[in-house]
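User: Could you teach me how to read the contacts between a protein and DNA? I would like the general idea, then the case at hand.

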Protein chains: 2
Amino acid sequence: MNVTALEEYGLRCAVQLASLPEGKTLSAPDIAEREGLSIEYVSKFMLLLKRAELVRTVRGIKGGFALSRQPAEISLKEVLDALNGRKKAGSEFCKSFTGKSEACVRFGSCSIRPFWDLLSGYVEEFTSRMTLADLIRPEEEIRDKTSSIASDHVGQMRNRELRS
Amino acid sequence: MNVTALEEYGLRCAVQLASLPEGKTLSAPDIAEREGLSIEYVSKFMLLLKRAELVRTVRGIKGGFALSRQPAEISLKEVLDALNGRKKAGSEFCKSFTGKSEACVRFGSCSIRPFWDLLSGYVEEFTSRMTLADLIRPEEEIRDKTSSIASDHVGQMRNRELRS
DNA sequence: TTGAAACAATACTTTTTTGTACGGATTTTA
DNA sequence: TAAAATCCGTACAAAAAAGTATTGTTTCAA
């Protein structure tokens, strides 16, 4: 379980836009300069973010990129999904199975699937509730928010237990 | 953030061994058969698990693999780490930076690093406290344990807040 | 003692990911 | 209107991951 390059660098570029004054844009060369990446590589991320409609663009000289919504209205999950192109996480593996068998071997009782599901469920919730606005605040301020997310997650799991 | 093939399939093979009666071994062909994977591929996983000393082997005809410890004494983190060969997670990215800059551009205030750190911290805790024994129990029984892990995690984060 | 079945290890092929290059379209500005 | 700077898009190259093949070593059992 690891972070892809697209996720890492794409998110950084998005954060650059988030820290921009309202109405301003930032060009690919500018972003590349600030993040120490190549212009071409940055352009690749931005195209993905644009296609996901998270970013708007201004063409021509003096053009550039800006977020299409307020930083606080864009979850990190949206950004990461845009960059990842919908990746198989957790139990999605069961479908994209590489083995010879027609489907996953474990039908009745599979405890690996729910394990990945629970883990990726937490990750999804975490990234859904964190926004770009959270990432342009000083480091210390993040902990409060993450703490409350984890706390809620426990509550939800307890509810699920009761229902089942 | 996604699960690698080695993690997924390697873990499945480990679970096969975990569900084995004490003292028994399972051969690579057997495991391959049960999981619908090629024998060669299974051998690759098992070699990694053996090198991490999570698995002991018996050579020769009638040989095979078995866990070197009790399933309850082997955390999923150990298994996943053995399969992953120590992967850069979260803020490790700062070191293995691909950009032109000598180091990560963000020195003073970086809120992306602590974001990944918090997320991967939870993942680590989750996988550290789940064991192979947990994965050979029926699906439903897992929730109790995961719930308490998440609960503890919140507690730890709150403590960290207090200390800082 | 010899053959079969298993682990051990490495090398190889294929696929995916990562990162670059380049030609075309758009808009500003001189 | 023409040059310059930008976005747009695809094609390409390099590296890593995924998966296969092969050869060697060990052990059991006939």
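User: Of the atoms of DNA strand C within 4 Å of the protein, what percentage belong to sugar or phosphate?

Analyst: Happy to help! This is a predicted model, in which local features need pLDDT of at least 70 and side-chain atom pairs count only at pLDDT 80 or more, while totals for chains, interfaces and linings use all residues. Residues are numbered from 1 along each chain as its sequence is written, chains are lettered from A and ligands numbered from 1 in the order in which they are written, and side-chain values use heavy atoms, leaving out hydrogens and water. For strand C, sugar or phosphate makes up 72% of those atoms, and bases supply the rest.

User: Which residues come nearest to DNA strand C?

Analyst: A residue is near a strand if one of its heavy atoms lies within 4 Å of it. Of the 28 residues around DNA strand C, the nearest are A:S38, A:Y41, A:K44, A:I61 and B:F65.

User: Which atom of DNA strand C lies 2.6 Å from a polar side-chain atom of A:K44?

Analyst: Look for a pair of N or O atoms within 3.5 Å, called a polar contact. For A:K44, the partner is a base nitrogen. The side chain of B:K50 has an N or O atom 3.0 Å from a phosphate oxygen of DNA strand C, and that of B:R59 has one 3.3 Å from a base oxygen.

User: And what about DNA strand D?

Analyst: Here a base nitrogen is 2.6 Å from an N or O atom in the side chain of B:K44. Phosphate oxygens of DNA strand D lie 3.0 Å from a polar side-chain atom of A:K50 and 2.9 Å from one of A:T57.

How values were computed
Polar contact = N/O pair within 3.5 Å; in protein donor to acceptor, adjacent residues only side chain to side chain.
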